[in-house]
Structure formats: C-alpha cells, structure tokens
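Visitor: Could you show me the model and then talk me through its empty spaces and its side-chain packing?

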Amino acid sequence: MSGNICWVNGSFLSGKERDYDIFSSLKGLMTELDVGERVEADDGYREGDPFFVKTCSGMTHDPRLRKLRNRVRARHETVNGRMAMW
C-alpha cells in the first residue's frame with residue numbers, strides 16, 4: 001500500500017448517482033480491475049461484495065484485518081473531504 005491516489009472519476013452531483021452505479025459503469029473503476037482484484041469501499045458498494053469490493057459489513061472478510069481496513073477507509077474519506085474543500 002503506497003497511499004498514492006490511483007484513480008479519479010467525476011465529478012458527479014451529490015445524490016444523483018449511486019456510488020456502485022458510478023463504480024460499475026462503462027468508464028468506472030470496476031472495468032479497470034484485474035481478475036481477482038478488489039477495492040476497499042463503504043457499504044454503498046455492497047452489491048459488488050465479495051467479487052469486486054470489500055465492504056465494511058462484508059461477512060467473507062477476515063475480522064483480524066478490520067482495524068487496517070478501517071484505517072484505509074478513513075484515509076480515503078480524509079482525501080475526499082480535502083478534495084471537496086479544494
């Protein structure tokens with residue numbers, strides 16, 4: 001994990017599109033994933049769990065990694081907030 005931003009797509013009006021619809025659309029990140037590759041996401045993406053996404057409430061994920069996964073999502077939300085202010 002480098003912490004580098006590796007994908008940007010948007011901007012989208014808040015509330016107009018569902019997160020998973022943007023992710024899985026023709027130009028969404030899901031089309032760029034390699035076989036077996038998944039992304040860490042919140043429960044707005046649970047339709048893709050466990051094949052494309054690891055969500056907060058996913059039952060197939062190792063509970064011992066919950067703290068690390070929460071830290072990754074928190075970092076992502078911090079970046080989202082800073083981009084919104086910028």
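Guide: What follows goes through the pocket, the cavity, the aromatic rings and a few single residues.

Visitor: Before that, what kind of model is this, and which pLDDT limits apply?

Guide: This is a predicted model, in which local features need pLDDT of at least 70 and side-chain atom pairs count only at pLDDT 80 or more, while totals for chains, interfaces and linings use all residues. Residues are numbered from 1 along each chain as its sequence is written, and side-chain values use heavy atoms, with hydrogens and water left out.

Visitor: OK, what volume does the largest pocket have?

Guide: The largest pocket has a volume of about 1900 Å³, and of the 44 residues that line it, Trp 7, Leu 29, Glu 40, His 76 and Asn 80 are the closest to its centre. On a 1 Å grid over the protein atoms alone, a pocket is an open set of points with protein on both sides within 12 Å along at least five of seven lines, whereas a cavity is a set of points where a 1.4 Å probe fits but cannot get out; lining residues have an atom within 4 Å of a point. Grid points are joined across faces, edges and corners, and a volume is the space filled by probe spheres set on the points.

Visitor: Which element gives the most to that lining?

Guide: Helix H2 does, with 11 residues. Helix H1 (19-24), strand S1 (39-40) and helix H2 (66-85) each supply at least two residues of the lining, where helices (H or I, at least four residues) and strands (E, at least two) are DSSP runs numbered from the N terminus.

Visitor: And how does the lining of the largest pocket divide by residue type?

Guide: It divides into 20 nonpolar, 11 polar and 13 charged residues, with Ala, Val, Leu, Ile, Met, Phe, Trp, Tyr, Cys and Pro counted as nonpolar, Asp, Glu, Lys and Arg as charged, and the others, Gly among them, as polar.

Visitor: How many cavities of 30 Å³ or more turn up?

Guide: A search of the whole structure finds one, and the largest cavity has a volume of about 30 Å³. Its lining is made up of Cys 56, Gly 58, His 61, Asp 62, Pro 63, Arg 66 and Arg 69, which divide into two nonpolar, two polar and three charged residues.

Visitor: Arg 69 is on that list; is it buried or exposed?

Guide: Arg 69, found in helix H2, counts as buried at 8% relative accessibility, where buried means under 20% relative accessible area, exposed over 50% and partly exposed in between (1.4 Å probe, protein chains only). A polar atom of the Arg 69 side chain lies 2.6 Å from the backbone oxygen of Thr 55. Not counting residues up to four places away in sequence, Arg 69 touches Glu 40, Lys 54, Thr 55, Cys 56 and His 61, contact being heavy atoms within 4.5 Å.

Visitor: So where is Thr 55, and what does its side chain make a polar contact with?

Guide: Thr 55 is in the loop between S2 and H2 and is buried, with a relative accessible area of 1%. Its side chain makes a polar contact with the side chain of Asp 49 at 2.5 Å; a polar contact is a pair of N or O atoms within 3.5 Å, and within protein one must be able to donate a hydrogen and the other to accept it, while residues adjacent in sequence count only if both atoms are side-chain atoms.

Visitor: Which peptide bond is cis?

Guide: The one from Asp 49 to Pro 50, with omega near 5°; Pro 50 lies in the loop between S1 and S2.

Visitor: Switching topic, how many aromatic pairs are there?

Guide: The search finds two. The rings of Tyr 20 and Phe 23 have their centres 5.8 Å apart and their planes at 45°, so that pair is tilted. Rings of Phe, Tyr and Trp (its six-membered ring) pair if their centres lie within 6.5 Å, and planes under 30 degrees apart count as stacked, over 60 as edge-to-face and the rest as tilted.

Visitor: And are those two residues buried or exposed?

Guide: Tyr 20 is buried at 9% relative accessible area, and Phe 23 is buried at 6%. Phe 23 also forms an edge-to-face pair with Tyr 45, 5.8 Å centre to centre with 85° between the planes, and this pair links distant parts of the chain, 22 residues apart.
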